[in-house]
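Thanks for coming. I will take a few minutes to walk through one structure, place by place, and you can follow along on the screen.

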Amino acid sequence: MSTASGFPFRLIATDLDGTLLRSDDTVSRRTRDALAAATAAGAAHIVVTGRAVPWTRPVLDDLGYRGLAVCGQGAQVYHAGEQRLLTSVTLDRQLAGVALAKIEAEVGPLYLAASRDGLDGDVLVGPGYEVQGTLPAVPFTDAADLWTAPLNKLYIQHPTLDDDELAAIATRVAGGFVTVLIAGEGIVELLPLGLSKATGLSLAARRLGLKAADTLAFGDMPNDIPMFGWAARGVAMANAHEELKAVADEVTSSNEEDGIAVVLERLLA
């Protein structure tokens, strides 16, 4: 498993929001330096994020990142250096429509958003849906607009149910049609059935000639659980959801306190 220099992992997989990124969407100098030292020691770094490529590219550009990134909860493997998609999995829109109907029959009308496929795919946001942060989105008023182009995922919110309640109900009534997961505060997603970050990470790792046994993973939300299950070691941030902490091998400092760097520095010492 160790690199030639003795660093114990050949692959470092990091989530973005709540993990690599601080609340202001930046990566600290300490964390940049720790990742640079780990890669200099022979480890590869792969960003593994729920964001689709258009929402991920600005972060990668800021990092000077040229390698592979897993985007859209595993739906997309993106080569940052070549600025091209290597793989892309889209949501079956008929199944997604059935899933939405079943969820709304149970809980009433939902607030909706959707991520379109492709390097420049828009995120469409309907009435009532609250976008987290300042990421770019395109408003829509006619729900029919959701289905006019291939999608990576749907986002759902409810006027009164919290994320855990909404995800639990959606899984119970529609889990046979789509994968339901929580990707962040206010972010409940409907994905192609069976898709997860582990799916995309395994594809990206294979392209690098690496395996699960080579991998150290960092995350903060339940959507990182499959990635932790695949990797040799999973590290949750101090700010992580309790479901992820429950399956983590270790809990580090928060994203605001350079939790990734804390672990990497210890392993590099």
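A residue counts as buried here when its relative accessible area is under 20%, and as exposed when that value is over 50%. Trp 55, with a relative accessible area of 11%, is therefore buried. Please keep in mind that this is a predicted model.

Let me stay with that tryptophan. What does a search of the whole structure find in the way of aromatic pairs? There are two of them. In one, the rings of Trp 55 and Tyr 155 have centres 6.5 Å apart and planes at 35°, so we call the pair tilted. Trp 55 sits in helix α2, residues 53–63, and Tyr 155 in strand β9, so the pair ties together parts that are 100 residues apart in sequence. Tyr 155 is buried as well, because its relative accessibility is 5%. With Tyr 129, these two residues make up one aromatic cluster.

Since β9 has come up, here is the sheet. It is an open sheet of six strands, in the order β8-β7-β6-β9-β11-β10, and the pairing is mixed. At its edges are β8, residues 138–139, and β10, residues 178–184, each of which pairs on one side only. Helix α3, residues 93–107, packs on this sheet and touches β6, β9, β10 and β11. The direction of α3 makes about 10° with that of β9. As for β7, residues 123–125, two bridges join this strand to β8, and the two run parallel. Val 125 has Pro 139 in β8 as its bridge partner.

Another parallel pairing is that of β2 and β3, again over two bridges. Val 47 stands opposite Ala 69 in β3. Which way do the β3 side chains point? Leu 68 and Val 70 go one way, Ala 69 and Cys 71 go the other, and all of them are buried.

Now the nonpolar cores. In soluble globular proteins, nonpolar side chains tend to be buried together. In this model the largest nonpolar core has 49 residues, and those with the most contacts inside it are Phe 7, Ile 12, Ile 46, Phe 218 and Leu 264. Ile 12 shows how far the contacts reach along the chain: beyond its neighbours within four places in sequence, its partners include Phe 7, Leu 35, Ile 46, Leu 216, Phe 218 and Leu 264. Apart from this core lies another, of 27 residues, including Ala 96, Leu 110, Phe 140 and Leu 146.

On to helix α5, residues 197–207. Its buried residues are Lys 197, Ala 198, Gly 200, Leu 201, Ser 202, Ala 204 and Ala 205. What do they pack against? The list is β1, β2, β3, β4, β12 and α6. At the N-terminal end of α5, Ser 196 acts as a cap, with a side-chain oxygen 3.2 Å from the backbone nitrogen of Ala 198. After the helix comes Gly 209, whose phi is positive, near 75°.

Between α5 and β12, in the loop, we meet Asp 214. Asp 214 is buried, because its relative accessible area is 8%. The side chain of Asp 214 reaches the backbone nitrogen of Lys 211 at 2.8 Å. The C-alpha atoms of Asp 214 and Ala 231 are separated by 7.5 Å, with their positions 17 residues apart along the chain.

A similar look at Ser 254, in the loop between β14 and α8. Ser 254 has a relative accessible area of 12%, so it is buried. A polar atom of the Ser 254 side chain lies 3.2 Å from the backbone nitrogen of Glu 256. Farther along the sequence than four places, Ser 254 is in contact with Met 237, Ala 238, Asn 239 and Gly 259.

Last, two glutamines with unusual backbone signs to check. Gln 73, in the loop between β3 and β4, has a positive phi near 65° though it is a residue other than glycine. Gln 83, in the loop between β4 and β5, also has a positive phi, of about 50°. Are these glutamines buried or partly exposed? Gln 73 is buried, because its relative accessible area is 0%, whereas Gln 83, at 45%, counts as partly exposed.

That is the tour; questions are welcome.

Note on methods: Residues are numbered from 1 along each chain as its sequence is written. This is a predicted model: local features need pLDDT of at least 70, side-chain atom pairs count only at pLDDT 80 or more; totals for chains, interfaces and linings use all residues. Side-chain values use heavy atoms; hydrogens and water are left out. Helices (H or I, at least four residues) and strands (E, at least two) are DSSP runs, numbered from the N terminus. Buried means under 20% relative accessible area, exposed over 50%, partly exposed in between (1.4 Å probe, protein chains only). A polar contact is a pair of N or O atoms within 3.5 Å; within protein, one must be able to donate a hydrogen and the other to accept it, and residues adjacent in sequence count only if both atoms are side-chain atoms. Contact means heavy atoms within 4.5 Å. Two strands pair if DSSP finds at least two bridges between them. Axes are lines fitted to C-alpha atoms, for helices over the stretch in contact, and angles run from 0 to 180 degrees between N-to-C directions. A nonpolar core is a set of buried Ala, Val, Leu, Ile, Met, Phe, Trp, Tyr and Cys residues joined through side-chain atoms within 4.5 Å. Rings of Phe, Tyr and Trp (its six-membered ring) pair if their centres lie within 6.5 Å; planes under 30 degrees apart count as stacked, over 60 as edge-to-face and the rest as tilted.
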